[in-house]
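Me: Could you take a close look at the open sheet in chain B for me? I would like to know how its strands are ordered and what packs on it.

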Amino acid sequence: MLRDITLGQYYPAGSVIHKLDPRVKLLGTVLYIISLFVFGKPVNYLLAALFLALLIKLSKVPVSFMVRGLRAIFILMIITAIFNLFLTPGRVIWQLWKLKITEEGVRVAVLMVIRLILLVMGSSLMTLTTTPNDLTDGMEKGLGFLKKVHVPVHEIAMMMSIALRFIPILMEETDKIMKAQSARGADFDTGNLIQKAKSLVPVLVPLFISAFRRANDLAMAMEARGYHGGEGRTKMRPLEYYGIDHTAYLVLACYLAVMIAVRVLL
Amino acid sequence: MAIRIEHLEYVYSAGTAFERKALKDINLEIQDGEFMALIGHTGSGKSTLIQHLNGLLKGTSGTIYYNDESIYGQNYSMKNLRRHVGLVFQYPEHQLFETDVLTDVCFGPKNLGMSPEEAQREAEWALEQVKLDKSFYHQAPFDLSGGQKRRAAIAGILAMHPDVLILDEPTAGLDPRGRDEILNLVRSLHEQQGITVILVSHSMEDVANYASRIVVMDHGSIILDGTPGEVFSHRAQLEQAGLSVPQVTRVMDDLAQEGWPVEKNITTIGEAVEQILKAL
């Protein structure tokens with residue numbers, strides 16, 4: 001049932017990309033996304049696609065997993081394409097009453113869809129190769145400078161990692177409660193919308209109770225182990241840059257340099 | 001014959017990096033009126049297996065027959081199956097959701113299409129069976145004690161009048177008194193109502209006193225199947241599966257080993273007392 005839903009999930013493969021410091025991957029993803037928006041030439045997209053293809057190859061994550069992420073934005077892609085196709089002004093190549101397709105429209109629509117595909121695949125590469133814990137760790141350390149302006153970076157990171165940790169737990173709990181109520185003859189699949197919504201009450205009430213119980217237990221357990229916020233807290237595995245991370249930054253810099261050069265020169 | 005399982009296999013998350021075979025070629029027959037215990041270490045597949053018995057999980061391959069009819073048949077009604085095979089999950093009190101105990105127990109019968117009056121009659125009957133006093137009927141389930149909540153939840157299944165009652169670790173997290181209450185309740189249901197019982201547990205002590213047949217699972221397969229005496233005679237094999245024989249069996253085995261004239265494979269304290277008195 002619910003177990004089949006995938007959400008920002010990690011794919012263990014132990015590749016070079018997996019081993020990179022999460023800060024490298026976070027910054028890399030952000031820069032990659034920016035590069036998709038700043039450099040608008042077709043050659044740039046070609047380069048960006050090649051770069052991503054290389055990274056995916058290195059990550060050893062099956063391409064089917066990447067494509068699965070695309071399915072979620074399929075409708076968004078279609079709508080974007082249609083709007084750009086019909087609403088971009090320019091040289092008309094096809095017209096039916098008030099609907100017209102322009103040469104520029106075709107160009108923009110195609111580039112937009114490519115940009116969206118690269119964007120989603122680029123960010124799924126990060127979530128597929130980084131555990132949620134590493135990701136929040138990386139964020140905490142990478143954004144540590146914000147503490148100086150009194151942004152509660154540690155608290156935000158802690159809340160994020162707890163929230164991420166609770167997703168699979170609560171999904172499993174939902175699955176269990178749904179099964180338990182099915183065993184009592186509950187029916188979640190038939191009936192109209194109102195009946196279906198009503199049939200969820202026997203699931204939601206126990207689920208909320210269990211979420212509060214778990215939150216309570218976790219808070220107790222954290223206090224019992226002396227948790228008192230981020231002040232003076234050390235890590236078992238502090239994030240440190242290794243040779244591989246420096247190389248990765250270098251590769252990233254090269255990528256950006258080439259993108260800029262292509263944009264300016266060609 | 002109530003339930004027959006043939007070559008049942010089940011694979012979790014097939015086709016991904018997390019693929020795991022939870023059940024491997026399970027063959028099992030459960031007769032009407034049996035009191036069977038299903039035992040295994042955590043992760044041995046026992047909870048997965050029982051969820052197949054009322055159709056909550058569908059086997060990757062293999063078939064299950066209920067009263068000689070395949071439950072995977074085209075027009076087989078799962079709802080009907082669930083009315084006959086009642087499954088009480090682990091920590092069943094976590095599924096209580098109504099504002100009072102009686103209404104919560106009515107949930108099952110109502111889902112079967114009974115009128116409110118009929119459902120209430122069944123619910124009252126079930127609550128009587130689990131020996132919950134009338135004074136609790138209109139209390140919120142969350143105000144009850146742990147043992148009472150659990151009995152109310154079991155009543156929720158009983159109110160559907162199942163022919164087969166499956167209980168997954170019904171004594172988990174209860175104190176010794178609560179544990180005895182639940183197990184005695186299950187026994188009286190079996191004896192007085194003639195309900196077929198499948199009790200899932202990892203405690204040998206619990207099942208030795210109650211079940212007439214024990215099935216042991218390890219790593220998704222059935223490794224032992226027989227009466228408590230037969231099963232407990234395979235002490236080494238049980239220990240390898242991460243289980244132990246009951247304390248009393250161990251003591252009597254050790255006594256026999258030391259040369260005392262007592263029988264091996266004793267499963268209950270009563271038998272042990274008899275044997276020791278005879279030896280003295």
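Reply: Happy to! In this predicted model, the open sheet of chain B is built from six strands, and reading across it you meet β6, β7, β8, β3, β9 and β10 in that order. The pairing is mixed. At the edges stand β6 (85-88) and β10 (221-226) of chain B; each has a single partner strand, so one side of each is left without a neighbour in the sheet. Ignoring direction, neighbouring strands are turned against each other by 15 degrees on average.

Let's go to one pair inside that order. Strand β3 of chain B, residues 35-40, runs parallel to strand β9 of chain B, residues 213-218, and five bridges join the two. If you want a place to start looking, pick Met36(B): its bridge partner in β9(B) is Arg213(B).

Now for the helices. Helix α1 of chain B, residues 46-53, packs on the sheet, and the strands of chain B that it touches are β3, β6, β7 (164-168), β8 (196-201) and β9. The direction of helix α1 makes about 140 degrees with that of β3(B). Helix α5 of chain B, residues 146-158, lies across β6 and β7 of chain B. Set against β6(B), helix α5 runs at about 165 degrees. Both β6 and β7 of chain B therefore meet two helices in this picture: α1 touches them, and α5 lies across them.

Methods. Residues numbered from 1 in each chain as written. Chains lettered and ligands numbered in written order. Predicted model: local features only at pLDDT ≥ 70, side-chain atom pairs only at ≥ 80, totals over all residues. Heavy atoms only, no water. Pairing = 2+ DSSP bridges. Helix = DSSP H or I, 4+ residues; strand = E, 2+ residues; numbered from the N terminus. Axes fitted to C-alpha atoms, helices over the stretch in contact; angles between N-to-C directions. Contact = heavy atoms within 4.5 Å.
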